[in-house]
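Below are my notes on the model, set out as numbered points. Please read them beside the coordinates.

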Amino acid sequence: MFTRRQSKLLEILLNNVQGVTGTKLAEYLEVSSRTIRNEIGEINRAWKNGSIIQSSRQRGYFIEESDIPSVRSYFLSESHGKTGEEAAQRGWMILGMVLETGRADIFDIGNALALSQPAMYKEISRFQKKLRQEYRCELLQMSGDRIWIENDEVKIRQALFRIIKNEAQKRNWSYSWFLRTFLRASFEQQKYEWLSDLVTEYFDSKNIQVSDDGLYMIVSSVYITMIRNASNHKVVLSAKAKPVKEELQQLFDFLMDQGLELTDGDLQILEDLFHGYKLTSDESQESRIDDLSILILEDFCHDVMEKYHFDLWQSQSFYDNILNHIEYMMRRMGTGYEAVNPILNDVKKQYPYAYEISMLMVPIVYRYKNCYIQDDEISFIAIFVEHFLENINQKLKAVIISSNRFSINSIVSNWIQVNFSNQIDVMDMLPKRSIEKYLEENPADLVISIMDSFVHPTVASFRIDGIPNQYSLAALNALVYKIRLNYRFRELIKEHFNKNTIRIYQKKIEFEQLIQDLSELLEEEGCISDVNEFVNDVLQREVNYPTYIGDWFMIPHPLVTFAKKTGIGAAVLKEPLRMQGKEIQLVFLLAMERKQNEQIGVLFEFFRHMALERSVIGRLASVGTEDEFVEALQQISNSLDF
C-alpha cells in the first residue's frame, strides 16, 4: 500500500505519539522537509478513511490517539511492505513462478506481470545480481527466452533457506505475504499454521525461547522441505550423512512422530541451518561452548585491553553474553548462514566507537579460521560493546583535595560514591600541596576540592563547601556532563586538528587519490612512516568494512596498520564523492597508535553527533579555508548538545 519510506514515516509517528517536527522527520529519514510534506500528503490521500496524519505548531506531525489502532492494524496486515510494482517484489514473484515447474518461458512470465520482454530481461538480470550479492548463489539461470532453476537440490535448498532467513531478519515483508508470493500455489495457509503450532508446542515443552523471526525461519524451512519432497525434488547426498546433534535430533524425531517424512538428507541440510541458532533451554547441559569461541573471546579481551585499556573481563554478564554470541557466530560462519543485521547502518551511525573497538575481532577470527567476518556480525558485537561502555567504563577520573577534617572527607567521599558511582572514579584523596605533582604524573579529568579553592589551567575543578546538598548534586552533574562531552572534545581539537592536515577540494576527486593526499599530509606531520602501506590498508578495509557513517561523511582508517602517533586528516568535498549510493561531503582519515588514547573515544562520540545532526555536517562542509574548518570545529565543540 505504501512505499518503505512512507511506512517508516508512519512507524516513527506511531512510536512518538506526542508528535514529531517536520525537521526531525527529515533528519531521521535523511530527506528534505519538502519531501516529508509530500510523503505525508500522499499517505493522507491514500488512507482509506481519510487523513491519518495531523499537524500543529505545538506538536508537529502526529497521529490522533483514536486513529492509532488502525495504523497498528496496517503494520500487522498483509498490505504492509507491499508496494505494488516495487522491483524487489517482482523478483520474488518470478522466482516463485519458476520454482513451480523448474523452468519457464520469459514471455509467459512477462504476460503474468504485465512487463514487456525487454523489461523482463532487465528485471531477471537485476534479480540474478541480487541473488549473487546477497545470497551467494546462482539459483536462477537464463538463456534466450527460457529461465530455469539449477538442478542441484542441495544448493537449491540452501539458497532457499538463506533467503528465508535473511528476509525474516530484514522484515521487509509480512511473513504470510512473503511465503505466499515465494511459493505461490504450493503454499497452504492451513498446513503452514498446523506446522507452526507443532513447532511452537515442541519449544514450549522444552522451555526453549525462540524469537518470532526464529520461529518463522524454522517453520518455513521445514515447510519448504515438505513442499520440495512432495514435488519429487529429493535430496541425494554423495557421502554418508554425519550423525545429527542430539538436541536437533529430538526436534526432528518429534516432527516425524507427527507424520512428517524427513530423510537423512533433509535432516542434514536443516541441521546446517539450525546449528547457528540456540535451540536449547538455558538450563540444558547440551548447549556447549566450543573451546575455539573461548579462545577468540580471550584474544579479543586482551587486544581491547592493550589498545583501548578497557577491561572487558570485569563484567561477567558481558563476558557470558558475548561468548554465547561468538559461539553461534562461529557456527553460522561454518555453515554459510551468517546473520543479517537490519540495523547495521544505525549501529555504525550511533555507536561508531563501539563498532571500531569491535573491529579488533576481524584479525583474530582470520587468524584461526582464515576468513573474514561479515560487517553484519561486527555490528552485532558492537551492540554488546556499546552496552559495556555505557554501563561499565564511562567514568571520569577524579582526585579530591582533602579537608583538614576527617569527618568532612568521609562525608564527601560517601556522597560521591552514592550519587556518582557510575560517573566518577575517585583515584585518590590528597592534600592541596600534593595535587600539582600528582596531576603531572597521572591523568585526571576533575579535581574536587573540599572547603578550599583550586584552579588548574587544563583540569576542571569543583568546590564543595561543607556538607554537599541538592545544589551541589545539580552543579556537579552539570560539570560532569560538560567535561565528558565538551571539554574533552576541545582538547582533542587542539591536539589533533591543524590546518596542515586539512584540505578543501573544490573539484571532484577520486577516493583513492583523496586517501593518498591525506596520507601524505599525515606522513609530513610524523604520524605515519609508510604511506603506501597505510593507503593500501585503508583501501582494503573499505572493501569489506565500509567506514561511512550515515549518508554524508566517512572515517576511513586501516584495519591492521598502526601509526607512529595519532593524527587526523580531514577533507571537505565541494563536489560530493558518490560511494555505495551515498554522497560523501566530509572525510576524516584516522591514523591511530597502538596504545591507549582515551581521546579517540571522544572523537567517535563527536562522529556519532555528526551522524545524528545534519546541520553539523552542513556547517563543516560550507567552510572555504582550512583555518575556517578548525574554527568551525571549535565553535561546534562549544555548543554540542548530545
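1. How much area does the protein chain expose, and what share of it do carbon and sulfur atoms supply? The exposed area is about 30,900 Å², and carbon and sulfur atoms supply 46% of it (Shrake-Rupley method, 1.4 Å probe).

2. This is a predicted model, in which local features need pLDDT of at least 70 and side-chain atom pairs count only at pLDDT 80 or more, while totals for chains, interfaces and linings use all residues. Residues are numbered from 1 along each chain as its sequence is written, and side-chain values use heavy atoms, without hydrogens and water.

3. The protein chain has 642 residues, of which 51% count as buried (under 20% relative accessible area, 1.4 Å probe, protein chains only). Its C-alpha atoms fill a box of roughly 90 × 60 × 60 Å along the principal axes.

4. The protein chain has 27 helices and 14 strands (DSSP runs of H or I, at least four residues, and of E, at least two, numbered from the N terminus).

5. Strands S4 (residues 140-143) and S5 (residues 146-149) pair in the antiparallel sense over four bridges (pairing requires at least two DSSP bridges). Serine 143 has arginine 146 in S5 as its bridge partner. Two residues lie between the strands of this hairpin, and glycine 144 in the turn has a positive phi of about 60 degrees.

6. Among contacts (heavy atoms within 4.5 Å) in the protein chain between residues at least 6 apart in sequence, 71% join residues at least 24 apart.

Terms used. Buried means under 20% relative accessible area, exposed over 50%, partly exposed in between (1.4 Å probe, protein chains only).
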